[in-house]
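Me: I have a model with ligands open here, and I'd like to go through it with you piece by piece. Can we begin with the contacts around the first ligand?

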Amino acid sequence: MKVLVLGGDGYLGWPTAMYLSARGHEVAVLDNGVRRTYDAELGSGSLVPIASMADRVKAWHEVSGKRITNIHGDLMDADVVYGAVRGFEPESIVHFAEQRAAPYSMIDRKHAVYTQVNNVVGTLNVMYAIGEIDRDIHLVKLGTMGEYGYPNIDVEEGWLEVTHKGRSDRVLFPKKPGSFYHLSKVHDSHNLEFACRVWGLRVTDLNQGIVYGQQTEETALDPRLATRLDYDAVFGTVLNRFAIQAVLGLPLSVYGAGGQIRPIIDIRDTVDCIRLACENPADAGEFRVFNQATEAFPLREMAKLVADTHPGGAQIEHVENPRVELEEHEYSFAHTALESLGLVPHLLSDTLLTSMFSIIEQHKDRVDLDALKPTVDWRRASNDSSAKAGTTA
Ligand code: NAD
Ligand code: USQ
């Protein structure tokens, strides 16, 4: 199958591109490199050194004998999107290419606007290109579990049967997202569901939980194939940060009470979920939603597990929560669709954290301790872009 991976230079896009290529698919990646410019803006960067996109595809060819086509381009430019779809003629498009950090979207007005315009307009351009060029292309779009938020009812896979005043309907599950970033994914989901209804597009929206881990079979083959590992308080995600803090001998920073229950997934399962979605496309006109997470734990339990697994142990610190979110709540979510297609999940209690510790140990001298501290305050609404990005007023 020919698969175009949008956002193929990112944390998840690059391992996915190699995973699909290794399994016989013909892969092209498209990325505008903006993730690397956020690093420069925030004064942070990947803990694990990463090669340029050009060096990555060259190294992949040397190591595997397979070629990945590398397209540099911005999804905000419709000509680029149409050109890539016409030129490569994909059967599936996997869309990772969005600004994906909730704290980045909450820095100030400019960052909120950038996040929503980049994400929503990029996705609209992809939808239009598919709608005009070839409606058989299956779009596999990365959504997020945070679209649903943390309602006091069980979270279903995308849809909900509702009976109201004696009549019933099937509606999109109600959304209660927790940042302007998460909201951008909700807007995308609504646009995509509409495109399925009116143009008959085939779309799979993968509502993914928080990803942890850094290694897949392919990234481990050569240091030039490594994917990024973020630790800073803007792009670093919680389990990756806890593992890094443990290795550095720092307390694990649980925001607030730690009763926030979060759905999670191992990076090795992410790449397999994408393969399963591509190889089992949605029907024409179907807006299919999968919850791409395998387990959920309260943050304080995640911190305890990391502290218990790390050979040197770790302290746990409850810091003032920079976010506005429920700190104690119930949570239950459906996640049977991907398992029914054959996903065999890796669980957090597996050895992944142990292998992560050794990777982090090798690169721990690259950490900028200042970047670890949370500085983006959800309560602040400011148009002040003169403040250094990521600093609280
Ligand atoms: P990432 O930031 O590492 O990768 C995203 C890539 O998209 C970057 O390389 C960036 O340069 C590119 N990009 C952004 N805007 C673009 C544009 N307009 N044109 C072309 N390229 C553009 O993020 P990631 O962690 O790999 O996440 C990938 C996707 O998965 C995102 O959509 C994210 O919302 C979703 N997701 C991630 C996680 C997670 O824990 N990392 C969890 C759930 C969902
Ligand atoms: N948190 C801490 N300590 C930290 C960092 C975070 O307690 O040091 C808490 C946050 O307050 C939050 C939870 O951990 O309650 C998760 O935060 P996160 O930064 O790991 O994840 P989040 O902001 O939700 O975003 C990440 C990805 C995003 C993806 C999302 C999946 O960056 O792209 O969409 O996970 S989900 O959360 O399921 O929506």
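Reply: Keeping in mind that this is a predicted model, a backbone N or O atom of Tyr 11 sits 2.9 Å from an oxygen atom of ligand 1.

Me: And which side chains put an N or O atom or a polar atom by a nitrogen of ligand 1?

Reply: The side chain of Asp 74 has an N or O atom 2.9 Å from a nitrogen atom of ligand 1, and a polar side-chain atom of Asn 118 is 2.8 Å from a nitrogen atom of ligand 1.

Me: OK, how much of the accessible area of ligand 1 does the protein cover?

Reply: On its own ligand 1 has 820 Å² of accessible area, and the protein covers 98% of it.

Me: How many residues surround it, and what's the mix?

Reply: Ligand 1 is surrounded by 26 residues, of which Asp 31, Arg 100, Asn 118, Tyr 181 and Lys 185 are the closest. By type, the shell around ligand 1 divides into ten nonpolar, nine polar and seven charged residues. As for secondary structure, α2 (34-42), β5 (138-144), α7 (180-199) and β9 (210-212) each contribute at least two residues to the shell around ligand 1.

Me: Switching to ligand 2, which residues come nearest?

Reply: There are 22 residues around ligand 2, and those that come nearest are Thr 144, Tyr 181, Val 238, Ser 253 and Glu 325. For Thr 144, a polar side-chain atom lies 2.6 Å from an oxygen atom of ligand 2, while for Val 238 a backbone N or O atom is 2.7 Å from an oxygen atom of ligand 2. In addition, an N or O atom in the side chain of His 182 lies 3.1 Å from an oxygen atom of ligand 2.

Me: How much of ligand 2 is buried by the protein, and which elements give residues to its shell?

Reply: The protein buries 95% of the 740 Å² that ligand 2 exposes when taken alone. Two or more residues of the shell around ligand 2 come from each of α7, α8 (238-248), β10 (252-255) and β11 (261-266), and β10 gives the most, with three residues. That shell divides into nine nonpolar, eight polar and five charged residues.

Me: Different topic: where is Ala 101, and is it buried or exposed?

Reply: Ala 101 is in the loop between β4 and α5 (102-105), and with a relative accessible area of 1% Ala 101 is buried. Leaving aside residues up to four places away in sequence, Ala 101 touches Tyr 181, Val 234 and Phe 235.

Me: Now helix α4, which residues are buried there?

Reply: In α4, which spans residues 78-88, the buried residues are Val 81, Tyr 82, Ala 84, Val 85 and Phe 88. Viewed down the axis of α4, these buried residues fall within an arc of 160 degrees, so they line one face of the helix.

Me: Why would a helix give that kind of spacing?

Reply: An α-helix has 3.6 residues a turn, so residues three or four places apart point the same way.

Me: What covers the buried residues of α4, and what's on the other side?

Reply: The cover over the buried residues of α4 includes β1 (2-6), β2 (26-31), β3 (68-72), β4 (92-95) and α6 (109-133), whereas Asp 79 and Gly 87 are exposed on the other side of α4.

Me: Last one, what caps the N-terminal end of α4, and what follows the helix?

Reply: Asp 77 caps the N-terminal end of α4, with a side-chain oxygen 3.0 Å from the backbone nitrogen of Asp 79. After α4 comes Glu 89, whose phi is positive, near 50 degrees.

Notes. Residues are numbered from 1 along each chain as its sequence is written. Chains are lettered from A and ligands numbered from 1 in the order in which they are written. This is a predicted model: local features need pLDDT of at least 70, side-chain atom pairs count only at pLDDT 80 or more; totals for chains, interfaces and linings use all residues. Side-chain values use heavy atoms; hydrogens and water are left out. A residue is near a molecule or strand if one of its heavy atoms lies within 4 Å of it. A polar contact is a pair of N or O atoms within 3.5 Å; within protein, one must be able to donate a hydrogen and the other to accept it, and residues adjacent in sequence count only if both atoms are side-chain atoms. Accessible areas come from the Shrake-Rupley method with a 1.4 Å probe; for residues, only the protein chains shown count as cover. Helices (H or I, at least four residues) and strands (E, at least two) are DSSP runs, numbered from the N terminus. Ala, Val, Leu, Ile, Met, Phe, Trp, Tyr, Cys and Pro count as nonpolar, Asp, Glu, Lys and Arg as charged, and the others, Gly among them, as polar. Buried means under 20% relative accessible area, exposed over 50%, partly exposed in between (1.4 Å probe, protein chains only). The arc is that of the directions from the helix axis to the C-beta atoms. Contact means heavy atoms within 4.5 Å.
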